[in-house]
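This report goes through one helix, its surroundings and the charged pairs found in the model. Keep the structure open while reading.

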Amino acid sequence: MKDSAITLLFPVIAADNIIGFVICDATGVSQERAHLAKTYIESISNDTLGKLLHTHIKILNPLSAHSVSQMRKFALLFKPTLNRIDQQPATNCTHPLTIKKTSSIDDILAYVQSNIRNPISLESVSQNVFLSPSYLSRIFKRYLHVNFIDYVNYQRVAIACKYLMLTNNKVSVISRQVGCAQNSYFSKVFKRATGMSPLAYRRSHAAVQKVLTIPRDLTWNDQDTIFDISRRYFKQLNCDFSMQTTNGFPYVNQIGSLTDSGSRGWLYTVNCQQPTQASSDIVSANNAVIQWIYTSRVS
């Protein structure tokens, strides 16, 4: 967009909403050729994107970089009003908009997972995915059924649990590794999630040999059990995952190449705590992370 003379943007419309732009090099392109390009792009868009979204795609006349700059100034001028509109409850959500929202959630999750070892706030994420903080918070809760801050904290604690179990790193080092600058804050968040201090957690999990983490994403359904989610996740990784039943109680006996062997076996945690029920008896509602733990001291 540095040279307004050679770049054109064709707004892409679906269900009366702008869902994106087609950006074209306009070097030496006449108005007539640009009009033909618009017609061609619209035809291609309906044959591809239109069929995917089950709606008619319309391509508007192209905008120059100067036009986009003017629109940006207009949006900034009315930002307070736009934010108030954004906070109104959504009604009659159409299929294309649903796809757009779930795509936004994917972007949020990708950003969080890529930056979980750095300080993360609702504001910093919203800026990077081009959503207002209030809107981000609302759609995150709607689609994942977990508050954004809770989700981030559980991901941090899950990583910290893994480091405490598998490394000799000091708690202060692990605190920084999961994006917490203050040890006191890290310890507070950790104890709230696990019910014990980081050092106590390390002592009680000294026999752990392997930790596998499954963060919540859009594939989780509230009625899915922990077993359902785990089986689907490991299947995508082409990783063996099987269950056996002993004395009427089902349990996971193999993940990958690690199987029950003597006193060693698999345990699991949900939101960093170990349930008493089998993984096939607990649904995923309101949970943010699952961890499977291979240990030589199975309880």
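## Helix H11 and the salt bridges

In this predicted model, helix H11 spans residues 226-236, and its buried residues are Ile-226, Phe-227, Ile-229, Ser-230 and Phe-234. These residues lie on the same side of H11, because they cover an arc of only 160° around the axis. On the other side of H11, Lys-235 and Gln-236 are exposed.

What do the buried residues of H11 pack against? Their partners are five stretches of strand: E5 (208-215), E6 (241-246), E7 (249-255), E9 (265-270) and E10 (289-295). After H11 comes Asn-238, which has a positive phi, near 55°.

How many salt bridges does a search of the whole structure find? The search finds 3. The table gives the residues of each pair and the distance between their N and O atoms.

| Acidic residue | Basic residue | N to O distance |
|---|---|---|
| Asp-222 | Arg-216 | 2.9 Å |
| Asp-224 | Arg-232 | 3.0 Å |
| Asp-228 | Arg-231 | 3.4 Å |

The accessibility of the residues in these pairs can be added. Arg-216, the partner of Asp-222, has a relative accessibility of 2%, so Arg-216 counts as buried.

In the pair formed by Asp-224 and Arg-232, Asp-224 is at 14% relative accessibility and therefore counts as buried. Arg-232 is at 29%, so Arg-232 counts as partly exposed. The cut-off used here is that buried means under 20% relative accessible area, while exposed means over 50%.

Where do Asp-228 and Arg-231 lie? Both are in helix H11, 3 residues apart, which is about one turn of the helix. Their side chains meet in a salt bridge. Asp-228 has a relative accessible area of 24%, so Asp-228 is partly exposed. Arg-231, at 43% relative accessibility, also counts as partly exposed.

A residue in another helix can be described in the same terms. Ser-45 lies in helix H1, which covers residues 31-53. Is Ser-45 buried or exposed? With a relative accessibility of 12%, Ser-45 counts as buried. Leaving aside residues up to four places away in sequence, Ser-45 touches Gly-50, Ile-57 and Ile-59.

To return to H11, the helix has its buried residues on the same side, and these pack against strands that include E5 and E10. The salt bridge between Asp-228 and Arg-231 joins two residues within H11.

Methods. Residues are numbered from 1 along each chain as its sequence is written. This is a predicted model: local features need pLDDT of at least 70, side-chain atom pairs count only at pLDDT 80 or more; totals for chains, interfaces and linings use all residues. Side-chain values use heavy atoms; hydrogens and water are left out. Buried means under 20% relative accessible area, exposed over 50%, partly exposed in between (1.4 Å probe, protein chains only). Helices (H or I, at least four residues) and strands (E, at least two) are DSSP runs, numbered from the N terminus. The arc is that of the directions from the helix axis to the C-beta atoms. Contact means heavy atoms within 4.5 Å. A salt bridge is a side-chain nitrogen of Lys or Arg within 4 Å of a carboxyl oxygen of Asp or Glu.
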